[in-house]
Every structure is written in structure tokens, then in C-alpha cells.
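User: Please show me how the labels in this structure are earned. I would like each value set against its rule.

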Amino acid sequence: MNISRTFLIGVGLSSMLLGGCASQVTEEEQYSGFLPSYEGLRETTSANGQPVMRWVADGFSPNDYDTVVFNQLELYPAPRPDDRVNLQTLQELQALTSSSVKGVLAQKYNVVPSANTAPAASRTLVLNAAITGVSATNEGMQWYEALPVTAVAGAVSRAAGYRDQNTELFLEANLVDASTGQAVVKTVRKVRGENLEDSTQAIATNDFKLAIRGLAADLNAFINN
């Protein structure tokens with residue numbers, strides 16, 4: 001293979017890999033179907049500056065309510081554990097995230113497990129939320145790899161599974177006004193956990209502890225703004 005052909009292949013591969021860097025927000029094709037509607041979602045930032053897809057109804061204020069119906073996040077769709085993410089990890093993530101969310105809500109609201117346990121005459125929100133995916137994807141190419149020879153080498157190692165991987169946790173949620181049955185907030189979010197060494201390393205609950213702590217901080221800021 002001559003030098004010019006090697007150069008062209010390298011440039012092509014580097015362009016493909018750089019263009020394939022993971023989006024910071026959940027793409028439409030990654031929406032799970034958990035939310036009744038995804039209409040109106042727009043990219044914005046959380047209190048901590050993290051990207052999030054969100055829609056908020058005009059005039060909505062968290063201060064207009066005193067009760068939230070929430071039990072735990074669902075695992076949606078039905079979990080399909082594999083070698084990278086086993087059922088125990090999924091259940092631990094479900095429990096940890098649910099506990100964090102409930103703890104934040106309880107600082108401001110009366111949190112009840114079901115609508116029929118809400119106090120009479122309460123101003124109630126219903127929180128429906130789910131973990132919709134847990135994954136690990138190859139880290140994007142760095143600028144210093146975007147050279148013909150190293151781009152080819154990077155492509156080989158990527159295919160072999162040796163590149164560092166980003167862990168990602170996908171969540172979807174909506175808040176519904178219990179008195180009207182209408183959604184007042186919808187959000188779809190992808191959060192980054194710890195990096196894995198390669199595609200052979202299993203995803204663990206600890207990989208997302210800091211990320212879940214950040215989610216709790218963002219929720220606290222949102223309801224107390």
C-alpha cells in the first residue's frame with residue numbers, strides 16, 4: 001500500500017471515529033418508550049452544568065405542591081442482564097438511585113408510596129421515573145490520535161476492545177399534577193459514570209455512585225430554585 005493511500009485511509013478512519021464520539025445527551029433513537037410523550041423536550045443544562053433533555057410546563061413551580069407520590073424507579077424495559085451488567089448490579093443501581101431521589105424529595109415534600117395514601121386536600125405531584133439503560137461505550141478519539149498511522153492503530157485497538165470505555169446510565173422521568181393528570185415536567189438524561197479499562201471489565205454499582213450523587217444535587221437545586 002503506498003503512502004498516499006495509507007494517508008487517505010487514515011484520514012477517513014479518523015473522521016469516522018471523531019464523528020462517532022458519544023453524544024452528551026440521550027439521542028431520540030435511545031428513548032425507551034417509558035414516557036407517554038417526548039414532545040417538547042429541549043436540550044438544557046442541570047444546576048451542575050450537565051446536559052439534559054427537559055420540558056417544563058408554563059407556570060410550573062415546585063413550591064405549589066406539598067406532596068409527592070414516589071416509590072422507586074422502575075427498570076424499563078424489563079432488564080436483560082449480561083456479562084457486563086448483571087441483575088444484582090441493576091437492582092443495586094435501582095435501589096441506590098431511588099433512595100437518593102426519595103431522600104431529596106423528603107427534604108421538601110411529604111413523600112408517599114401511592115396516590116391513595118396522599119393526605120386529603122394535599123397538592124400532589126406524581127413522579128414516574130425509570131432507569132432505561134446501562135452501557136459502556138468506547139471513549140472518543142483524542143486529537144493526537146487523528147493522524148493517519150495512529151488512527152489506523154486506534155481503530156484496530158477499538159475493534160479489539162482495548163480502548164478505555166465510558167460508563168453511561170440512562171434515566172427518564174416525568175412529574176404529573178395529580179389533580180389534573182397532566183405532565184408538568186419531563187426529562188431524559190444520560191449520566192457518565194467511571195471509566196472502565198476495556199470492554200472486558202464488568203460494570204459495577206460503584207461506577208455510578210458519584211454520578212448518582214450529582215443527580216441528587218441537581219434534583220435538589222431544581223425543586224428549590
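User: Why is the contact between Asp-66 and Arg-123 called a salt bridge?

Analyst: The closest N and O atoms of Asp-66 and Arg-123 are 3.4 Å apart. A salt bridge needs a side-chain nitrogen of Lys or Arg within 4 Å of a carboxyl oxygen of Asp or Glu, so the pair qualifies. This is a predicted model, where local features need pLDDT of at least 70 and side-chain atom pairs count only at pLDDT 80 or more, while totals for chains, interfaces and linings use all residues. Residues are numbered from 1 along each chain as its sequence is written, and side-chain values use heavy atoms, without hydrogens and water.

User: What makes Asp-66 and Arg-123 distant parts of the chain?

Analyst: They sit 57 residues apart. Asp-66 is in the loop between E2 and E3. Arg-123 is in the loop between E5 and E6. These labels are DSSP runs numbered from the N terminus: helices (H or I) have at least four residues, strands (E) at least two.

User: Are those two buried, partly exposed or exposed?

Analyst: Asp-66 has a relative accessible area of 28%. Arg-123 has 44%. Buried means under 20%, exposed over 50%, and partly exposed in between (1.4 Å probe, protein chains only). Therefore Asp-66 and Arg-123 both count as partly exposed.

User: How do you know that Glu-168 and Lys-190 form a salt bridge?

Analyst: Their closest N and O atoms are 3.9 Å apart, so the pair passes the cut-off. Glu-168 lies in strand E7 and Lys-190 in strand E8, so the bridge ties together parts 22 residues apart in sequence. Glu-168 and Lys-190 are both buried.

User: What makes Arg-189 and Asp-218 qualify as a salt bridge?

Analyst: The N to O distance is 2.8 Å, so the rule is met. Arg-189 is in strand E8 and Asp-218 in helix H4, 29 residues apart. Both are buried. By this rule the count comes to three salt bridges.

User: Why can such side chains pair at all?

Analyst: Side chains of opposite charge can pair when their charged atoms come close.

User: What makes a space in this structure a cavity?

Analyst: On a 1 Å grid over the protein atoms alone, a 1.4 Å probe must fit but be unable to get out. The structure holds one cavity of 30 Å³ or more. Its 30 lining residues include Leu-127, Ala-173, Thr-187, Leu-215 and Leu-219, the closest to its centre. Lining residues have an atom within 4 Å of a grid point. H4 gives the most to the lining, with seven residues.

Key. 1 Å grid on protein atoms, 1.4 Å probe; cavity = no way out; pocket = protein on both sides within 12 Å on 5 of 7 lines; lining within 4 Å. Points joined across faces, edges and corners; volume = space filled by probe spheres on them.
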